[in-house]
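Welcome, and please open your viewer. We will go from one selection to the next, and at each stop I will tell you what is there.

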Amino acid sequence: MTALLSVKNLTVEFTTRDGIAPVIDDLSFDLAPGETLSLVGESGCGKSMTALAIMGLIPSPPGRVASGSISLAGENLLQASETRMRAVRGNEISMVFQEPMTSLNPVFTVGEQIGETLRRHQGLTRRQAKALSIEMLDAVQIPLPARRINDYPHQLSGGMRQRVMIAIALACRPKVLIADEPTTALDVTVQAQIFDLMRAVGKETEAAIILITHDMGSVAEMAERVVVMYAGRKIEEGYVDDILTRPRHPYTRGLIACVPHLLETVSAERPYLQEIPGMVPPLSDFGFMGCLFAPRCDRVETLCWQEKPKVTQITPSQSAACWNLQDAKVRVDA
Amino acid sequence: MTDYSIQERSLQPTSARVEHPLIETARMFAGNRAALSGLAMLFIIVVVSLAGPWFYPTDPFEMVWSPFSPPGAKGFLLGTDYLGRDLLAQIIHGGRATLAVGCAAALLSVFIGITFGALSGFYRGWIEETLMRITEFFQVLPTLLFSMVLVALFGASLGMITFAIGIVSWTGVARITRAEFLKIRELEYVTAARSSGASNTNLIFRVILPNSLPPIIVQAALLIGFAILFEAGLSFLGLSDANVMSWGAIMGNNRPYILLHGFTIMYPGLAIFLTVLSISLIGDGLNDALNPKLRNR
Amino acid sequence: MQFLAITLKRCGLGLGLLLAVLVLNFLLMHLAPGDVADTIAQDAGGLDAEVMAQIRKDYGLDLPLWEQMLKYFYNVAQLDLGYSFYYNQPVTTLILEKLPATLLLIISAQVVSILVGVVLGVIAARKPNGIASHFVTILSLVGYAAPVFWTGIMLIILFASMIPLFPIGNMVDVSVERTGFAYMIDVLHHLVLPMLTLASIFIALYSRLARASMLDVLGSDYVRTAQAKGLSEFQVVFKHALRNALLPVVTTAGLVFSGIVSGAVLVETVFSWPGLGTLAVQAIVARDTPTILGILFFSSLVVVVANLLTDMVYRIIDPRIKTAETSEI
């Protein structure tokens, strides 16, 4: 399998009042063509920053890519010129953001906002771009697309707006679509529709998808592979089926246990939902030379406080970074 | 970093560091160099204006030397005006009236503004409609012209001038107060107070108003500066109380001679400029200190 | 259609406001000590009571107050604002003669200050800690704190007296007869200093506002979307961000119009600019009440019209159906 997008040893640093903090710490993962990969973890663990790093949109200052590489089909994007990056953004890699309510520009019509991407990257005329924009609105299942194209964002519901965002992102048939919590701000019923849509349109345009989420439920529904992140570090990676049934990192296990319907049976023995105690450490603690999850971990050992966990390759496809790996036989709901 | 520090720090509840909002505001303000220098400057100006006449008792209305003596001549530090009156004495003595009119007019407009803004923001409906129409009316009225008319028709006394300034300057306060009231009246703690039987008066004065004060305070501070500028403008046009010396009046008196004797206008103008500047610096500092959203800018 | 309906509604409100100004004018006229008869008597060096009563009757001052008010409204509707005994001319004629000069001054000052203010604000917002940003901060403090007439006088001393680049006052050079293009150039030459003086306050205001609002918009989600689309920096800033950042500037531009008119009174006085402001000051010195109140009415009219235009501009820039006024909430 040759990777379409390959992130290697990526470190992104932020300058804060307390010093320099690595918001992404030595992160590596590959994305195969047409694959759906999920980055999962709680808020503030560097998922969105990873997406922005791939797009070359790290806010600078205070942010800076300190080291590593991001290659798209063999081309290192971190060394690409700004002009080249602009040709990549929205064209080869595009992105759907979390907040559909605020991610569309309120003063332009929906058609203008889809069409402008097409004009920019595909060199279409205004008329061609409009025709294709209508097609895109149709593809994201917006009724009466020829009329909706003249609507302004405030005339659309949240779900509709996210469909428009997806239409913008997929208009140029990108190789990679990054969806950053695309359904978090939406109603549950709409979430399912958006996921269905992303799956369908993604398949049709053959885009590989990076789905960023904090919800293991979404992962189970959408993704083939998953990268679990904590405090800027990758702590576990593998196929979704393997991770869900045999999570090896205590944090992954905690994330899964938070979502009741993922477990095969909701039995009387598990009367309450589990939660992971504590919260993601503040930025100033990022880069700490031990395990950052240690303060919240129920399996913590002395070694966890002293050294950064080594990555253990469990199977060819699954790896985890932990000093005290969960026994593979232990079921999540035990 | 020691091994266990992360554990202690991460598990510490963050609420332990919260301080009283007033202390936090004061700390923010004290950390703002521009605002502090504004405060220092204003302090000096106020002290000189209030106590100066005792230390520099020269009568600002008395002709002491030949007209338009340049600064420094014959011991008159800033020279003399078109009647040969000591300019420094005029500036020192004129500060009182300028500051007094500025503060009184600002107070009047803050009072009107809060009343209009609070009532229209709280009661909505026809009250809001009526009060907002009146506010709009005062917005389209060319303020300086209207004040000129008032002072010209009803006499240029300090009281009338103060009234003429205060009556045209309150619309900003009213708009801000109304916006705050509209925002705060929907918040949960207001609903909570309402459902526990608080009267409307109680809600307005004890619940909503205290919480909407920060932007009003900032606006009030800026209004003092505005009123001082306004008073100077009126005096410059000759609409000042002839029996009272003020910075604007000095400039108005010497207006015909600007080309030959610019200093007679430069110095009083500088006094106004520094006063308003220091007030603006303080206002900005208050704004930053009182507005938590801007703190991280 | 909605656009038209709102515009009509706003026009109605504007008319209402003007009517209120008229009521105020009328009340002021009657509350003020002395009336037409007194003025004429003063001019004539004293008249006997009978003649005064006759004058009052001629001017309808013996009618009930409400009748006088209706008559006043009727007159104003026919553009009759009364007669100035000081200038021996109808007030409307006087005002219309001076109005173009004032309009030239306030419109040019408004346009220049919005342009310069927005450009400065955008440059400053692009680098929040850069030199331009500090410049805007200082400029906005200085521009606000300096009394506008004082700024004008300092500019005269500097650029008309010490370095004689510009004339010290008036609107045209009366010593030379000019027509056509040369006349226009001469007027523009005279306009520079008063316009800059008046604009100085508002450049300060707009640059600060534009900077804050641009900073806000540049951090918004839709600007990030525009960047993620691969648009050029220019398109991101000037197409996507600027249009949104202009909204508060437009709102403020409408609100400060009455302030600009006020500033113009002072600036006209400093530069002997032959506009409504100079006329107003002369009328006040001469206690020419009809002229003063006529100017008050006409400048309110200017502000109301300007507000209507601002409101329309706002609704063109912002498709969300809102008026400039409610958008502040």
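What radius of gyration does chain A have, and what would a compact globule with 334 residues have? Select chain A: its radius of gyration is 21 Å, which agrees with the value near 20 Å for a compact globule of 334 residues. This radius is taken over C-alpha atoms, and the globule rule is 2.2 Å times the number of residues to the power 0.38.

Before moving on, two notes on how to read the tour. This is a predicted model, where local features need pLDDT of at least 70 and side-chain atom pairs count only at pLDDT 80 or more, while totals for chains, interfaces and linings use all residues. Residues are numbered from 1 along each chain as its sequence is written, and chains are lettered from A and ligands numbered from 1 in the order in which they are written.

**Stop 1: chain A as a whole**

Turn chain A around: along its principal axes the C-alpha trace spans about 65 × 50 × 40 Å. Colour by secondary structure to find 12 helices and 12 strands in chain A. These are DSSP runs numbered from the N terminus, helices being H or I with at least four residues and strands E with at least two. Of the 334 residues of chain A, 50% count as buried; that is, 20 or more other C-beta atoms lie within 10 Å of their own, against 12 or fewer for exposed and in between for partly exposed, with C-beta atoms placed from the backbone.

**Stop 2: a sheet in chain A**

Next, select strands 2, 1, 4 and 5 of chain A, which form an open antiparallel sheet in that order. Strands pair here if DSSP finds at least two bridges between them. Strand 2 (19-31) and strand 5 (75-76) of chain A each have a single partner strand, so one side of each is left without a neighbour in the sheet. Strand 1 (residues 5-16) and strand 4 (residues 63-72) of chain A pair over eight bridges. Click F14(A) and you will find its bridge partner, G63(A), in strand 4 of chain A.

**Stop 3: a helix in chain B**

Now go to F111(B), in helix 4 (residues 87-123) of chain B. Is F111(B) buried or partly exposed? With 13 C-beta neighbours inside 10 Å, F111(B) counts as partly exposed. Show A174(B) too: its C-alpha atom is separated by 9.3 Å from that of F111(B), 63 residues apart along the chain.
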